[in-house]
Structures are given as C-alpha cells and as structure tokens.
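Trainee: Please give me a close look at one part of this structure. Start with a single residue and work outwards.

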Amino acid sequence: MGFDRALENKAAVDKAAGEKMARLEAVAAPWKAVAVAYSGGVDSTVLAWLLHHAFGKPVHLYLVKSPFLAVRELSSAQSVAQALNLPLQILPLDLLAVEAVRINDAHRCYYCKAAVMDAIGQKRTPGTVVVDGSHADDAIEDRPGRKALVEKGILSPLALAGWTKVDIRRIARAAGLPNWNKPSESCLATRVPYGTQVRAAMLERIEAAEELLYGMGCLQVRVRCRGERARIQVGREDARRLHDAQRWAQLLRHMARLGFFHVELDSTPLSSG
C-alpha cells in the first residue's frame, strides 16, 4: 500500500482510533527507527502500518522462518508486507535445534519467543527499537511468551497505549489493510500436546492435514495431533461444511494417508480473534 493511499485513509483511521491514536503516537515519539517482529497477522500489520504511514517512522519488518511456520502463513505474510510497501527481512531459524523448545513442556512458548527475539535483535540496526504486536487483551491471559518479551526488552506499543483486538480490527478495516479480517493464527507447535517432543516430521504431517481442510474451503483450522489421533478444530461456518457426510468421508481417507487413523471434529468452534 503506497504512502499516498495511506494518507487518504488516515482521516478514517483517526476517526476510528480516537484518543488511542494519540496515545500510541506519544509512546512511539522518541523512536528514530523501529524493527517490528512481524508475523503477517493483523496485530503486527496494523502496528507497522501506523508507525510508518501514520507517524512517519522508518520501519523494517523481521519475520522468523522456522519449522513452526506454515508455508501458507509465510506466503501470506510476504504478500501483506508487499502491500504495506515496507522492507521485510526473513530470518531462518531452526527452533527444533533449541532443546528447551523441542522437549515441549509448559514453558515452550517462553523459550521459543526468546530465541525468535534474539534472532531479530542480532539483525536489527543499532539504535533501532524492537517492538511486537501484543495488545491490551493479551495481558489478560497468562502467556509465557510475554515474560520473554519483557526480559529481552521488546516493547509492545499497542498494549502500552491500551489498544484492544477490537481497536486493531477496526483500524485495519478503516485503513483498507488486506488482512483486516484474517483469523488469528498460532504456530504449528501449538497443535502438539505438552510433554510430547516436537519433531519436524510431526509438524509436516500437521501442516499437510490442515492444507486438506483449507483445500475443502475451511477458513480457520487447527489439527491437534497425538500420535495417530487427530482432533480437528475449525470455525463455526467451517464446521457446518464438515458435517456433510460425503465430504467428511473424503477427509478421513486423506487423513489416513497422512497417518491419522483416528479423527474427530471438536465441537467447540475456533474464535476468529
């Protein structure tokens, strides 16, 4: 998205954001340049867009490419970065080489986030502030990754300025951002239960299974894996699609080819977030 178009949308954004826009601008005021820990999701996208197109900050996006990132998500993130007209650097990182991540205990997210932020910190230009897209709603939940952010000195300007997920969605839509209604995503490792070591082959199977569901028209998907068992979570509308007997039977055949011989559909729909 070019800067001219961004200016055209700024009035709509200002109206939608209200006083929270001023708060965010005040938080970012001292920063000369910003490195955004970018995922391609709506949170980091809105943050990057506001910092650069609304506040005029030099912004560089950093996306860590690991076995936890689905190819679909990588491609989507690259497309959105191109639409933002912001420089994107992709940083390869083998998170499975980090033993504390691979053993997958309840603190996996902490070690994972720490490794990701270290990778970004090593590449950022000296004097550049590193930020992420965490928002005020994230503080409500106990998230181990947040502890790593604090310890690594990563700032969360949206949270500091009191922005909620509702605020972020509203601004993304007003700004005409391409992913304004993109459902919230999580990394592939979240599909593996704590206590089960995370392995590359396992993640590949999970990703392949989720691609089957996307190929059937589902918009938001999680395939929870436990050996030969898979528990499928989808959005409410997607669940109606899978209740079709013929479609479900077809899915079961394809899942079996991936090594999932016991498949169930979770009755609780995913929230788009």
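Mentor: Ala230 counts as buried because its relative accessibility is 2%; buried means under 20% relative accessible area, exposed over 50%, partly exposed in between (1.4 Å probe, protein chains only). This is a predicted model, where local features need pLDDT of at least 70 and side-chain atom pairs count only at pLDDT 80 or more, while totals for chains, interfaces and linings use all residues. Residues are numbered from 1 along each chain as its sequence is written, and side-chain values use heavy atoms, without hydrogens or water.

Ala230 sits in strand S6. Strands (E, at least two residues) and helices (H or I, at least four) are DSSP runs, numbered from the N terminus. Leave aside neighbours within four places in sequence, and Ala230 is in contact (heavy atoms within 4.5 Å) with Val223, Arg224, Met255, Phe260, His262, Val263 and Glu264. Leu212 lies 18 residues away from Ala230 along the chain, and their C-alpha atoms are 13 Å apart.

Now the pocket. Ala230 helps to line the second largest pocket. A pocket is an open set of points on a 1 Å grid over the protein atoms alone, where a 1.4 Å probe fits, with protein on both sides within 12 Å along at least five of seven lines; lining residues have an atom within 4 Å of a point. Its volume is about 230 Å³, the space filled by probe spheres set on the points, which are joined across faces, edges and corners. Besides Ala230, the lining includes Thr190, Arg191, Pro193, Arg224, Cys225 and Arg226. Arg229, Arg231, His262, Val263 and Glu264 line this pocket too. Strands S5 (221–226), S6 (229–234) and S7 (262–265) each supply at least two lining residues. By class, the lining has four nonpolar, two polar and six charged residues. Ala, Val, Cys and Pro are among the nonpolar types, Arg and Glu among the charged, and Thr and His fall among the others, the polar.

Step next to Val223, one of the contacts of Ala230. Val223 also touches Arg191, Ile206, Ala209, Glu210, Leu213, Arg231, Ile232 and Met255, again not counting residues up to four places away in sequence. It belongs to the largest nonpolar core, which has 44 residues. Such a core is a set of buried Ala, Val, Leu, Ile, Met, Phe, Trp, Tyr and Cys residues joined through side-chain atoms within 4.5 Å. The members that touch the most others are Phe68, Ile120, Val223, Ile232, Leu242 and Met255. S5 and S6 each give two or more residues to this core; so do strands S1 (34–37) and S2 (59–65) and helices H6 (108–123), H10 (200–215), H11 (236–242) and H12 (245–257). Apart from it lies another core, of 36 residues, including Leu24, Val80, Val131 and Ala172.

Follow the core to S1. Val34 and Val36 point one way from this strand, Ala35 and Ala37 the other way, and all are buried. S1 and S2 pair in the parallel sense over four bridges; pairing takes at least two DSSP bridges. One bridge joins Val36 to Leu61 of S2.

Then comes helix H3 (residues 42–54). Twelve of its 13 residues are buried, among them Asp43, Trp49 and His53. Just after H3, Gly56 takes a positive phi of about 75 degrees.
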